[in-house]
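Good morning, everyone, and thank you for making the time. I would like to walk you through a structure slowly, so please have the sequence and the picture open in front of you.

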Amino acid sequence: MSGSGHNNRWRRQAGGRRDPRLAAMLGYSFGLHLLLVLLFGGWLLPRMQHSKPPVYVVDLVNLPVKNPQAGRPDGAPKHKVKARPKAKAKPVARPKPKPKPKVKPKVKPKSRPKAVSKPRPKPKVDYRKTESAIEKLRRKREREELKRKLAALEAQDTRRAPGSKAPLGETAGTGSEAGVSYRTWLQQAYKSAWSLSKYQVRSLDLKADVEVVYDARGFLRDYTVMKSSGDRRFDDSITQAIRRVDRLEPPPGRTIREIIKFNLKDLQE
Amino acid sequence: MELILGAGPVVKLVLLVLAYFSIVSWAIIFLKFRIVRRAIIDSDRFLDFFWAKKRFDLIGQGLKDFSQSPLTVLFREGYQELLRGSRQPSEGGGPSAELGRSANVARALRRATTSETQRLEKYLTFLATTGSTAPFIGLFGTVWGIMDSFHGIGKTGSASLAVVAPGISEALIATAIGLVAAIPAVMAYNHFVNKVNVLTGEMDNFCQEFLNIVQRMGRD
């Protein structure tokens, strides 16, 4: 009997029973993990704020080019607007005094005081008028400038999809994405898919016009050579390039029908 | 945290399993560190005490001061077996009886050594299991997450980096946490196995010394 009791004692010592200290250690370990999660999760320590460099999105496609000043910062046009009226204001005062002194003094020296006396009172009187004229001109220009900016902004807004909050274009893009003009994008895509050596054709002045049709899902539906180049290899290379661009990403959502002009000189560039 | 919260259900389950492995592993690491450290310190102190005292009964009275040392268990078991042998007089007496008594003590010491080694090695298998399986569990979560991500890419039809990267990033967190759970477990396992081997060596040496003393006592 003493032997069986002995065996039970050995079993107990050998590890049949769970160590009571393990529960406490489990508690410590759980607390430690929780603390680490809280620390790295940013709930206890303030999160590190990374200073991101400003990203400027410049739309080179639809920016109004009639007024190149439209894209400039606000400070620049104001300076020029102020400068311009001054430049124009001077001729208002000058025309009368200048021609007279230049012509008359040579012939009649007495005319000098006349010439001097005449412009003197006029600037005094015209000064207020010119000031107001300058002010009006400046306001008018500012109004025009604001209108142009507004028009540019409206033009940008119309290019957004309805209900879309996505930014215009991709700042990290390579420029080959389908954007506003599918024609431009298609030309780029064909150019990259087009492979033809200048040694394979007779002349470098080869041109061809091809009409391509893509459906709303972006799949190539049809293409027609409207104007052949006359060189079979050239035409074959064009059709191969068109077949390679058999899908537009993202889908345009409408049928695209464009006439693409292929020029071997463009390919050589 | 966004990576974890944004992961799929399977990846979340994998992360939970890995968290369990990590929590239990660290609990075992803390526990074993404490046990092994105390065992080494108490063993050193007990050996000094053992060689300082000349009588077993005096040593037996001072065992409470070295409770964490496995050598005290060996001494207690050997000494009790020795006392039992001396209380029960053998039939024949003489050298054969002495040999039988020392053999009994040797068996008791061997059994005590085995039990103490088992006690010291207890839970270490969990560390080994964590070290070997946690990276694979994490990898499973990653593979599943990437599969899910590619499935989403196939549905949306967009393969830009902005679409692909978040899914893969969420999936890779599983492998990262698997490695975080496994690396300390493997390191701790190797450390504790080494320490247990040292203690086992000390126990073997102590058994030999104890038996020598018992045999010398029998001859005298």
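I will take the two chains in turn and then turn to the place where they meet.

Before anything else, please keep in mind that this is a predicted model, and that the values I quote are computed from it.

Let us begin with chain A, whose secondary structure comes to nine helices and three strands. If you follow chain A from the N terminus, the order of its elements is α-α-α-α-α-α-α-β-β-α-β-α. Chain A has 269 residues, of which buried residues make up 9%. When we take the contacts in chain A with a separation of 6 or more, we find that 69% of them are accounted for by residues 24 or more positions apart.

Chain B, by comparison, has seven helices and zero strands, so to speak a plain run of α-α-α-α-α-α-α from the N terminus on. Here buried residues make up 35% of the 220 residues. Among the contacts in chain B that join residues at least 6 apart in sequence, 83% are between residues at least 24 apart.

Now to the place where the chains touch: how many residues does each chain bring to the contact? Chain A gives 16 residues, and chain B gives 14 residues. On the side of chain A, the elements that supply two or more residues are helix 1, covering 2–16, and helix 2, covering 20–41. The largest share of that side, ten residues, comes from helix 2 of chain A. Sorted by character, the residues on the side of chain A that touches chain B are eight nonpolar, six polar and two charged.

In general, two packed helices are described by the angle between their axes and the distance between the axes. For helix 2 of chain A and helix 2 of chain B, residues 9–52, the axes come within 8 Å and cross at roughly 125°. Why do we call these two helices oblique to each other? An angle from 65 to 115 degrees would count as roughly perpendicular and one over 145 as roughly antiparallel, and helix 2 of chain A and helix 2 of chain B are therefore oblique to each other. The crossing of helix 2 of chain A past helix 2 of chain B is right-handed.

If you look for the residues that meet there, helix 2 of chain A brings, among others, Leu22(A), Met25(A) and Phe30(A), while helix 2 of chain B brings residues including Ile23(B), Trp26(B) and Leu31(B). The residues of this helix-to-helix contact divide into 13 nonpolar, three polar and one charged.

Key
Residues numbered from 1 in each chain as written. Chains lettered and ligands numbered in written order. Predicted model: local features only at pLDDT ≥ 70, side-chain atom pairs only at ≥ 80, totals over all residues. Contact = placed C-beta atoms within 7 Å. Helix = DSSP H or I, 4+ residues; strand = E, 2+ residues; numbered from the N terminus. Nonpolar A, V, L, I, M, F, W, Y, C, P; charged D, E, K, R; others polar. Buried ≥ 20, exposed ≤ 12 C-beta atoms within 10 Å, placed from the backbone. Axes fitted to C-alpha atoms, helices over the stretch in contact; angles between N-to-C directions. Parallel < 35°, antiparallel > 145°, perpendicular 65-115°, else oblique. Left-handed = near helix turned anticlockwise from the far one by under 90°.
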